[in-house]
Amino acid sequence: MVTKRLLLLLKPFRVSAPPSHTHPPILHFLDSRHKVHHDSVNFCQEILQKKSVQWKAVQCNSLSQPINDVDLVVTVGGDGTLLQASHLMDDKIPVLGVNSDPTSIDEVERFSSEFDATRSTGHLCAASVENFEQVLDGILEGQIVPSHLTRIMISINTLHLSTYALNDILVAHPCPASLSRFSFRITKDVQPCSPLVNCRSSGLRVSTAAGSTAAMHSAGGFPMPILSQDLQYMVREPISPGSVSDFMHGLIKHDQAIRTTWCSKRGVIYIDGSHVNHTIQDGDIIEMSSKAPSLRVFLPHHLL
């Protein structure tokens, strides 16, 4: 792969100061995080200046249009930065994630009795400052190739949304204390593959293989092979599922879809967290499947 045009997408730097009453060790930790991220950004830019590539750096929050006219996207931040970039990308341009502030297990244990010292997980990030140049050279020389990660296509009343989910989707009432009423069934080529399941619960979560180790796993789901094209679904906190309890959690095969009818006055579809969302109302039909264009990602070796 001969890369000539590269877009460096940066996690925003901290713009607001913490409250004045913040505990001093926490202040020091936050300052350290800011400095480590800043130093990582500078390091990546210094490496790029040595390479025969055209590149520009852009704050991730400043982008709102689809990413085009580049050969490679490099995100510097964590999984959140890569997820944000993925919402503006199709299946033509590959992306490399650089974890700018990796978590230190020793640091987490040292401060465990005072505060949570977890930094960035970077589950999908194949590089950090420790190996960025080595990984980048491998990509530029064609020795490292991207993997295709499945994403979720969403439609509301047959209209496809322009944003694809790389991790997961949550369909729920906007108030976490309110009941979510909906029905769903698994379909294949519009034909039903499961009975109609009527639910009263806290909502419905659907995840990709990449997202199966995140909220889905925390809720009791199972990790999936990273390159699987299947999806996993789970009804959150179902109320008296009774005879349909076996359908509260399962797989949606790559050639299937989950078709949901929303039966509450208000609802929201959350895509990869809370920042991207769409409102729904009583009677809306939501369909989710793995028919979205995949995302080409350079993955860490341990995930393959």
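This is a short tour of some cysteines and two loop residues in a predicted model.

**Stop one: the cysteines**

Start by selecting Cys44 and Cys125, and put a distance on their sulfurs. The closest cysteine sulfur to that of Cys44 is the one in Cys125, and it sits 11 Å off, too far for a bond. A disulfide would need the two sulfurs within 2.5 Å. While you're there, switch on a surface: Cys44 is buried, with a relative accessible area of 0%.

Keep Cys125 selected and add Cys60. Here too Cys125 has the nearest cysteine sulfur, this time 12 Å away, and Cys60 is in no disulfide. Is Cys60 buried or exposed? It counts as buried, at 3% relative accessibility. How many disulfides does the count come to? The count is 0.

**Stop two: Thr158**

Now jump to Thr158. You'll find it in the loop between strand S6 (153-156) and strand S7 (159-160). Check the backbone: phi is positive, about 75°, although Thr158 is not a glycine. Most residues other than glycine have a negative phi, so this kind of spot is worth a look on a Ramachandran plot. On the surface, Thr158 is exposed, with a relative accessible area of 67%.

**Stop three: Asp189**

Last, select Asp189, in the loop between strand S9 (180-188) and strand S10 (191-192). What is its phi? About 55°, a positive value although Asp189 is not a glycine. Asp189 is exposed as well, with a relative accessible area of 63%.

Note on methods
Residues are numbered from 1 along each chain as its sequence is written. This is a predicted model: local features need pLDDT of at least 70, side-chain atom pairs count only at pLDDT 80 or more; totals for chains, interfaces and linings use all residues. Side-chain values use heavy atoms; hydrogens and water are left out. Buried means under 20% relative accessible area, exposed over 50%, partly exposed in between (1.4 Å probe, protein chains only). Helices (H or I, at least four residues) and strands (E, at least two) are DSSP runs, numbered from the N terminus.
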